[in-house]
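Student: I have a structure to look at, and I would like to learn how to read its features. Could you walk me through it?

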Amino acid sequence: LGRWELALLVARAGARGLAPGVAACNSCVGACRGGRWELAAQLVSEMQHDLLSPDLISLTSAISACEAGLHWRGAALLMEGALASGVELDLQVQNAMLSSHATVRRWAALIQLLDAMPAGGAAPDTVTYNTGIRACSSGDGPWEHALGLLGALAGAGLPGDVVTCNTAAECCGAAGDWAGALRVLSGAARRGLEPDLISHNALARACGAA
């Protein structure tokens with residue numbers, strides 16, 4: 001049996017009144033990360049039906065399954081259900097939710113969620129900002145927001161990485177802003193980050209589009 005088929009068997013066992021524990025359910029939800037978002041959501045629902053409170057591991061795995069299935073609405077419903085149940089969402093869950101929006105290039109919704117994170121008690125980390133910058137790199141995304149997020153990352157004292165800078169440089173390249181791409185990569189070099197082939201390609205594309 002494949003991992004998701006095993007998860008389906010557990011869901012069916014729950015329907016027959018044979019309730020597995022939270023750890024077993026979490027393992028099965030995790031097996032659905034490849035995009036079986038319907039099954040992941042069903043497993044979380046079965047846990048609630050059997051009075052097994054889904055935990056942060058359950059939520060993160062189910063939201064990631066929704067992302068892989070390009071189903072951001074399913075991820076949003078899972079998050080809303082958790083909040084309604086009084087679950088305090090940690091950074092990993094919120095980053096998974098942000099990533100579900102970034103994957104389908106819903107940059108406006110992502111920025112809104114990111115702005116609300118401090119009020120919820122979760123301080124954004126490098127992964128958070130990388131996800132936001134990735135969302136803004138879409139063809140219709142606001143590349144200026146990508147540079148703003150890069151500045152916010154630095155302002156928060158977070159180190160960033162080559163992925164951060166490459167994605168921001170690619171945003172500038174898509175907009176034909178070669179000077180912006182150069183500033184991003186120069187700033188990365190000053191912080192001790194070594195530009196790679198992707199970095200140079202992003203700068204070359206920016207110059208070619210100018």
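**Helices side by side**

Tutor: Let's begin with a pair of helices in this predicted model: H4 and H5 are roughly antiparallel to each other.

Student: How should I read the packing of two helices, and at what angle do the axes of H4 and H5 cross?

Tutor: In general, two packed helices are described by the angle between their axes and by the distance between those axes. Here, the axes of helix H4 (residues 56–68) and H5 cross at roughly 160 degrees and come within 8 Å. Angles over 145 degrees count as roughly antiparallel, and therefore H4 and H5 get that description.

Student: Which residues make the contact between H4 and H5?

Tutor: On the H4 side, look for Leu59, Ala62, Ile63 and Cys66; on the H5 side, find Gly74, Ala75, Leu78 and Ala82. Sorted by character, the residues of this H4 and H5 contact are seven nonpolar, one polar and no charged.

Student: Now I'd like to try another pair. How far apart are the axes of H8 and H9?

Tutor: Helix H8 (residues 126–135) and helix H9 (residues 143–155) have axes 9 Å apart, and they pack at an angle of about 170 degrees. That angle makes H8 roughly antiparallel to H9. In the contact, Thr126, Tyr129, Gly132 and Ile133 from H8 meet Ala146, Leu149, Leu150, Ala152 and Leu153 from H9. The residues of the H8 and H9 contact split into seven nonpolar, two polar and no charged.

Student: Next, empty space. How is it found, and what is the volume of the second largest pocket?

Tutor: The general idea is to roll a probe the size of a water molecule over the atoms, which shows where empty space is left. In this structure, the second largest pocket has a volume of about 160 Å³. Its lining is formed by Met79, Leu83, Val87, Glu88, Leu89, Gln94, Leu113, Ala116, Met117 and Gly120. Helix H5 (72–84) and helix H7 (107–116) are the elements that give two or more residues to that lining. By character, the lining of this pocket has seven nonpolar, two polar and one charged.

Student: And how many cavities of 30 Å³ or more does the structure hold?

Tutor: There are two cavities of that size. The second largest cavity has a volume of about 40 Å³. Residues lining this cavity include Val162, Cys165, Asn166, Leu185 and Ala188. Helix H10 (162–174) and helix H11 (178–190) each supply at least two of the lining residues, and H10 gives the most, with three.

Student: Which feature does UniProt place at residues 161–195?

Tutor: The UniProt record, an unreviewed entry, places "repeat: PPR" there. In the model, residues 161–195 are 74% helix and 0% strand, and the end C-alpha atoms of this span lie 10 Å apart.

Key. Residues are numbered from 1 along each chain as its sequence is written. This is a predicted model: local features need pLDDT of at least 70, side-chain atom pairs count only at pLDDT 80 or more; totals for chains, interfaces and linings use all residues. Side-chain values use heavy atoms; hydrogens and water are left out. Axes are lines fitted to C-alpha atoms, for helices over the stretch in contact, and angles run from 0 to 180 degrees between N-to-C directions. Helices (H or I, at least four residues) and strands (E, at least two) are DSSP runs, numbered from the N terminus. Angles under 35 degrees count as roughly parallel, over 145 as roughly antiparallel, 65 to 115 as roughly perpendicular and the rest as oblique. Contact means heavy atoms within 4.5 Å. Ala, Val, Leu, Ile, Met, Phe, Trp, Tyr, Cys and Pro count as nonpolar, Asp, Glu, Lys and Arg as charged, and the others, Gly among them, as polar. On a 1 Å grid over the protein atoms alone, a cavity is a set of points where a 1.4 Å probe fits but cannot get out, and a pocket is an open set with protein on both sides within 12 Å along at least five of seven lines; lining residues have an atom within 4 Å of a point. Grid points are joined across faces, edges and corners, and a volume is the space filled by probe spheres set on the points. UniProt positions are given in the numbering used here, feature names are shortened, and annotations may be inferred rather than shown by experiment.
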